[in-house]
Amino acid sequence: MTDRKNVYLFSKKTEEIEQKILEFRELGRKYGFKLVDHPKDANIIASFGGDGTFLQALQKTGFREDALYIGVNDGEFGFYTDFSIHDPDRIELAMQSDMVEVLRYPTLEVTTDDGQKFHCLNELSIRSNIIKTFVIDVYVDGLYFETFRGDGLLVSTPTGSTAYNKSLGGAIVDPKLPSMQLTEMASVNNNRYRTLGSPLVMGKERELTLKIVQDGNDHPIVGIDNEAMGIRHSHELHVKVSDRVVKTLRMKDNLFYHKVKRSFL
Ligand code: NAP
Ligand code: MN
């Protein structure tokens, strides 16, 4: 870690966190880190807050592959936050020892038919903003697969599998498996409309195409992690596992399965 010394701090704006961050500035100085004002000058981006703040830190700093992201939580243990604002000793320990390792999390790449590109660490979600159901044609590697009718569809990453995906009955996927999972939100299944009805996990080489079939009154809400995207004018989304990974630091005694067990069991 010695050549990585420029740190950008991204935080949830609360008085408690801003106060705590002052202590971290001191700690940083002690170990020769330099705080920078712009994320483009940083090779370490530290997020202070919850998992939601970590996701925002990525979206707001451009999903940098050449930076190391570190999540510091504000009390509650999270999935992306391996350190706590209330435990600077543990961070100090991490700086001095080999108790930390760099993890590489798979992400999704979403391309729209009007040429916009987005990255997700948790998921892509498409939901209707109207009371009526809406319709999406689903293609896998260009093959027409099914026509979905219902509330919406979600495509999650392995690390996103413990979030929205889990609430929809999706499987928890090990982050060591570069993959994406398609889950349904309240699909209509009857003699006219038929969908797979179970979550579908796809490998790295696959491309999923979601074509929104619009009748003119509906404008879907497209979510990229915790941000709503304005894609009113594009009707086709291509989703695949990206070559870009998110590098993050974790303590070796806090495995993905520790987190799953701590949160759900
Ligand atoms: P939020 O509404 O505050 O988030 C909901 C909860 O999900 C929070 O407790 C958040 O943790 C947690 N979370 C975020 N990423 C997670 C992950 N990878 N694994 C397990 N839990 C996770 O909104 P937010 O904090 O901005 O988080 C955005 C995420 O919320 C979205 O990406 C989506 O996955 C999820 N979400 C879930 C539902 C649902 O389950 N019905 C609906 C909408 C959105 P923190 O408290 O640490 O932030
Ligand atoms: Mn949150």
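## Two pockets and two positive phi angles

By class, 7 nonpolar, 1 polar and 4 charged residues make up the lining of the second largest pocket, in a model that is predicted. The space in this second largest pocket comes to about 230 Å³, and its lining is formed by Val-7, Tyr-8, Leu-9, Phe-10, Ser-11, Lys-13, Glu-18, Ile-21, Arg-25, Leu-35, Val-36 and Asp-37. Two elements, strand S1 (6-11) and helix H1 (15-30), each supply at least two residues of that lining, and S1 gives the most, with 5 residues.

The largest pocket has a volume of about 310 Å³. It is lined by 21 residues, of which Leu-103, Arg-104, Tyr-105, Pro-175 and Lys-176 are the closest to the centre of the pocket. Strand S6 (100-112), strand S16 (236-251) and helix H5 (256-264) are the elements that give two or more residues to the lining of the largest pocket, and S16 gives the most to it, with 6 residues. Sorted by class, the lining of the largest pocket holds 10 nonpolar, 3 polar and 8 charged residues.

The backbone also deserves attention. Most residues other than glycine have a negative phi. Two residues with a positive phi are set out below.

| Residue | Phi | Location | Relative accessibility |
|---|---|---|---|
| Ala-186 | near 45 degrees | strand S11 (residues 179-187) | 53% |
| Asp-225 | about 50 degrees | loop between strand S14 (221-224) and strand S15 (227-229) | 8% |

Ala-186, a residue other than glycine, has a positive phi near 45 degrees, and it is found within strand S11, which covers residues 179-187. Is Ala-186 buried or exposed? Because its relative accessibility is 53%, and exposed means over 50%, Ala-186 counts as exposed.

Asp-225 is likewise not a glycine, and its phi is positive at about 50 degrees. This residue lies in a loop, with strand S14 (221-224) on one side and strand S15 (227-229) on the other. Its relative accessibility is 8%, and since buried means under 20%, Asp-225 counts as buried. Taken together, the positive phi of Ala-186 belongs to an exposed residue in strand S11, whereas the positive phi of Asp-225 belongs to a buried residue in the loop between S14 and S15.

Key: Residues numbered from 1 in each chain as written. Chains lettered and ligands numbered in written order. Predicted model: local features only at pLDDT ≥ 70, side-chain atom pairs only at ≥ 80, totals over all residues. Heavy atoms only, no water. 1 Å grid on protein atoms, 1.4 Å probe; cavity = no way out; pocket = protein on both sides within 12 Å on 5 of 7 lines; lining within 4 Å. Points joined across faces, edges and corners; volume = space filled by probe spheres on them. Helix = DSSP H or I, 4+ residues; strand = E, 2+ residues; numbered from the N terminus. Nonpolar A, V, L, I, M, F, W, Y, C, P; charged D, E, K, R; others polar. Buried < 20%, exposed > 50% of the residue type's maximum accessible area, 1.4 Å probe, protein only.
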